[in-house]
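Thanks for sharing this one. Here are a few notes to read alongside the coordinates, with the two ligand surroundings and one loop residue in mind.

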Amino acid sequence: MAEETHNAAVVARTDLHDSLSILRVGPTGGELPRFEPGQFSNLGLLDGASEPRLLRRAFSIASPAAERRWFEFYIQRVDQGAFTTRLWQLAPGDGLWLDPLVYGHFTLADVPPDSDVLFVATGTGVGPFLSMLREYHGQGRWRSAAVVHSARTRADLGYHGELEALALRDPAFRYVPTLTREPESSAWGGLRVRLQKLFLPDRFREVFGRELTPERAKVFICGNPEMIVQLSEQLAGSGFRPHRRKTPGQIHTERYW
Ligand SMILES: Cc1cc2nc3c(=O)[nH]c(=O)nc-3n(C[C@H](O)[C@H](O)[C@H](O)COP(=O)(O)OP(=O)(O)OC[C@H]3O[C@@H](n4cnc5c(N)ncnc54)[C@H](O)[C@@H]3O)c2cc1C
Ligand SMILES: NC(=O)c1ccc[n+]([C@@H]2O[C@H](COP(=O)([O-])OP(=O)(O)OC[C@H]3O[C@@H](n4cnc5c(N)ncnc54)[C@H](OP(=O)(O)O)[C@@H]3O)[C@@H](O)[C@H]2O)c1
């Protein structure tokens, strides 16, 4: 039972603030499963005193596939959330369950290398894109790549430094963060709009210096489900279609709830 429920431990925990963390989880015996950037795993914690059961939740892997010591996860604590409020009690060294399997098709598997890839995220939805960028950056996996990341405030904008640094050294990579609830009085000089606005044809041309067309662009959208529906509908107006294995399109999505 112990091995089935405590096969991993928190290796490191970086709190961005009291409800947002980057967690590294490594196996306490055996190896991490192999995965493709964009996939997710499950974390589990024992729940209930009299009849304990494993409470599990899915989390996208933010570390590159080459990292074999731990999986990194970028996690938002949900107020009154059954799992994340418990997860928040863990410190480095504490045990938990890590699914021995990985899951999901939110990967670059069907994306040809001459694509302009747009990674679009709200909140912790940027996690799987960190895995892709860390793994594939500089290897000709795309013609160009961009991250459009919407967060409420500057404090909620995880990985800002890493993405900014990547954009500075790579002309084929753009980083476009936007903050929607940052106080007007703050020092933030960047965008302050909901991200759909950036995909209106005129605004897109202004920000990215090219047309928004489905011929070469592939759009990966992750995070808030309402945003995913709204942006997908908007992109449909520019000729973009959902990607399915049997009916290839340009929109790939991963809903967090
Ligand atoms: C494929 C997949 C990958 C995921 N990857 C991540 C990840 O990398 N990082 C991450 O923070 N979460 C991720 N999630 C969400 C995660 O699985 C949990 O749902 C989340 O942590 C909340 O669990 P909880 O038990 O604390 O909340 P619950 O008690 O289960 O309550 C969930 C409710 O909280 C609300 N909610 C608000 N914000 C969120 C949010 N960010 N995620 C989920 N629900 C939210 C929704 O209304 C939802 O119905 C992923 C989900 C899926 C399906
Ligand atoms: N306790 C805290 O301090 C605190 C802080 C942050 C979050 N939380 C909790 O964490 C949960 C998740 O919060 P989160 O900030 O990670 O996720 P979120 O509510 O999905 O917001 C993340 C970003 O997505 C944007 N967004 C939301 N819906 C959208 C839509 N339909 N279209 C386009 N953009 C959209 C938000 O803009 P808008 O701002 O315009 O909605 C914000 O910029 C919340 O339920 C909340 O309870 C708590």
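**Notes on the ligand shells and a loop residue**

1. Around ligand 1 there are 20 residues, and those that come nearest are Ala58, Gly81, Phe83, Thr84 and Trp257. Two or more residues of this shell come from each of strand 4 (53-60) and strand 5 (71-76). Please keep in mind that this is a predicted model.

2. Sorted by class, the ligand 1 shell holds eleven nonpolar, seven polar and two charged residues. Both domain 1 (2-98) and domain 2 (116-255) contribute to it, so ligand 1 lies between them.

3. Ligand 2 also has 20 residues around it, with Thr122, Gly123, Thr180, Asn224 and Met227 coming nearest. By class, this shell is made of four nonpolar, ten polar and six charged residues.

4. Which elements supply at least two residues each to the shell around ligand 2? They are strand 8 (144-151) and helix 6 (225-236). Helix 6 gives the largest share, three residues. At the domain level, domain 1 (2-98) and domain 2 (116-255) each provide at least three residues of the ligand 2 shell.

5. You may also like to look at Asp114, in the loop between strand 6 (95-98) and strand 7 (116-122). Is Asp114 buried or exposed? Asp114 is exposed, because 10 other C-beta atoms lie within 10 Å and the cut-off for exposed is 12 or fewer.

6. Beyond neighbours within four places in sequence, Asp114 is in contact with Arg143 and Arg216. Ala145 is 31 residues away from Asp114 along the chain, and their C-alpha atoms are separated by 11 Å.

Terms used
Residues numbered from 1 in each chain as written. Chains lettered and ligands numbered in written order. Predicted model: local features only at pLDDT ≥ 70, side-chain atom pairs only at ≥ 80, totals over all residues. Near = placed C-beta within 6 Å. Helix = DSSP H or I, 4+ residues; strand = E, 2+ residues; numbered from the N terminus. Nonpolar A, V, L, I, M, F, W, Y, C, P; charged D, E, K, R; others polar. Domains from an automatic or database assignment. Buried ≥ 20, exposed ≤ 12 C-beta atoms within 10 Å, placed from the backbone. Contact = placed C-beta atoms within 7 Å.
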